[in-house]
Amino acid sequence: MLRPYGLDDSRVNAKSRLSADAVTRKKNSGMDLFEAIKKRRSIRTFLDEPVAREDILKMLEAARLAPSATNDQPWRFIVVQDRELIQSMGRMTHAMLDARIEAATSQERKEAMERFRFTNTHFERAPAIVVVLARPWPSYRTDYERSLHDPGLQSVAAATTHLILAATALGYASCWLTGPVEAAKDELEAMLGVESPWYMVAVVALGKTDRQYEPRPRRPLEEIVTFYP
Ligand SMILES: Cc1cc2nc3c(=O)[nH]c(=O)nc-3n(C[C@H](O)[C@H](O)[C@H](O)COP(=O)(O)O)c2cc1C
C-alpha cells in the first residue's frame, strides 16, 4: 500500500496508537500536563496509605521517557516501600546530622542545622520513596568543568521532574529531597547497595495527602525571561 514518503506502516500504526493512548490517559487521570504542573506542590506529610506498585511503575515510565544529553539516560531508580528500611534510612540520616551538629563550631551553625533537620528527614514517614541515582558525565576533565553545566545531572533532574509530575497526575503527593544526600550520602548508598559509578543525588518521597496546599511564590515572568526581539 502506498504511503506518504517516509511514513511506513509501523509509524502510521504508532501514530494511531498514540492518540488512543492519549484518550485513555485523559480518561484515567483526568489531568493534563498543565493541570499537573499547576497542582504539584512539595508535600512533606502523607496519609498512612500505600502507593500502588502499578502507579509507581507509571511514574518510572514517565521518568524513563525524559530527555537526556546524547540520550545517555544516566539514571537509575531504587524504589523502597519496605517501611522498616525507609525508617532505618531516616534514623541513619538523623545520626549523621547529630554528628555534624555535635561537630559544628558555632552555636549559630548548630541551630541552623537543627532547623533543617525536618527538611532532611521527613521522607522517613513516607509510604514509598524513590532514590534517584546518577553517574558522572564521562567527557569532563575536571570537577569545575562539570560543575558549570553537568549534562548528566541535568538529565537526571529532567527524569525526576517527569516522575513527580506523573505522581501528581496519578493523584499522589510528592517531595523531591536532596537534604538526605547532603546529610548521609555514603551511609545511605551503603544501605541500598549502590555501587560506583552510580551515586545518589535525590530522594523522592511519595504518598497520598488529604490536604490542600497553597502554591509557593514564584518570580514573575518579567523578572526571569528575556526575549529577542
Ligand atoms: C533539587 C531540589 C532539592 C530539594 N530538596 C529538598 C529537601 O531536601 N527537603 C525538602 O523538604 N524539600 C526539598 N525540595 C523542595 C523545595 O523546597 C520546593 O520545591 C520549593 O520550596 C518550592 O515549593 P513547591 O515544590 O511546593 O512548589 C527540593 C526541590 C528540588 C527541586
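The exercises below, each with a worked solution, concern a predicted model.

**Exercise 1.** Determine which residues of α3 are buried and how they are arranged about the helix axis.

*Solution.* Begin with the helix itself: α3 (53-64) has 12 residues and reaches 16 Å from its first C-alpha to its last, close to the 16 Å expected at 1.5 Å a residue. Next, pick out the buried residues of α3, which are Ile-56, Met-59 and Ala-63. Looking down the axis of α3, one finds these buried residues within an arc of 60°, so they line one face of the helix. An α-helix has 3.6 residues a turn, so residues three or four places apart point the same way. Then turn to the face directed away from the buried side, where the exposed residues Glu-54, Leu-57 and Glu-61 are carried. Finally, ask what the buried residues of α3 pack against: the partners are β1 (75-80), β2 and α8.

**Exercise 2.** Describe the largest nonpolar core, naming the elements that supply at least two residues and the element that gives the most.

*Solution.* The core holds 41 residues, and those that touch the most other members are Ala-126, Ile-129, Leu-163, Ala-167, Val-204, Ala-205 and Leu-206. At least two residues each are supplied by the helices α3, α4 (83-103), α8 and α9 (179-192), and likewise by the strands β2 (128-134), β3 (173-177) and β4 (199-207). Of the contributors, α8 gives the most, with eight residues. To follow one member further, take Ala-126, which, once neighbours within four places in sequence are left aside, is in contact with Phe-46, Ile-86, Ala-205, Leu-206 and Gly-207.

**Exercise 3.** Work out which element gives the largest share of the shell around the ligand, and how the shell residues divide by character.

*Solution.* First list the shell: Arg-41, Ser-42, Arg-44, Thr-119, Asn-120, Cys-175, Trp-176, Leu-177, Thr-178, Gly-179 and Arg-216 surround the ligand. The elements contributing two or more of these residues are α6 (117-121) and β3, and the largest share, three residues, comes from β3. Sorted by character, the shell comprises three nonpolar, five polar and three charged residues.

**Exercise 4.** Locate Asp-150 and explain why this residue counts as partly exposed.

*Solution.* Asp-150 lies in the loop between α7 (143-149) and α8 (151-169). Because a residue with 20 or more C-beta neighbours within 10 Å would be buried and one with 12 or fewer exposed, Asp-150, with 19 such neighbours inside 10 Å, counts as partly exposed. As a last step, compare sequence with space: Asp-150 and Ala-69 are 81 residues apart in sequence, while their C-alpha atoms are 9.6 Å apart.

Terms used:
Residues numbered from 1 in each chain as written. Predicted model: local features only at pLDDT ≥ 70, side-chain atom pairs only at ≥ 80, totals over all residues. Helix = DSSP H or I, 4+ residues; strand = E, 2+ residues; numbered from the N terminus. Core = buried A, V, L, I, M, F, W, Y, C linked by C-beta atoms within 7 Å. Contact = placed C-beta atoms within 7 Å. Near = placed C-beta within 6 Å. Nonpolar A, V, L, I, M, F, W, Y, C, P; charged D, E, K, R; others polar. Expected span 1.5 Å × (residues − 1). Arc of directions from axis to C-beta.
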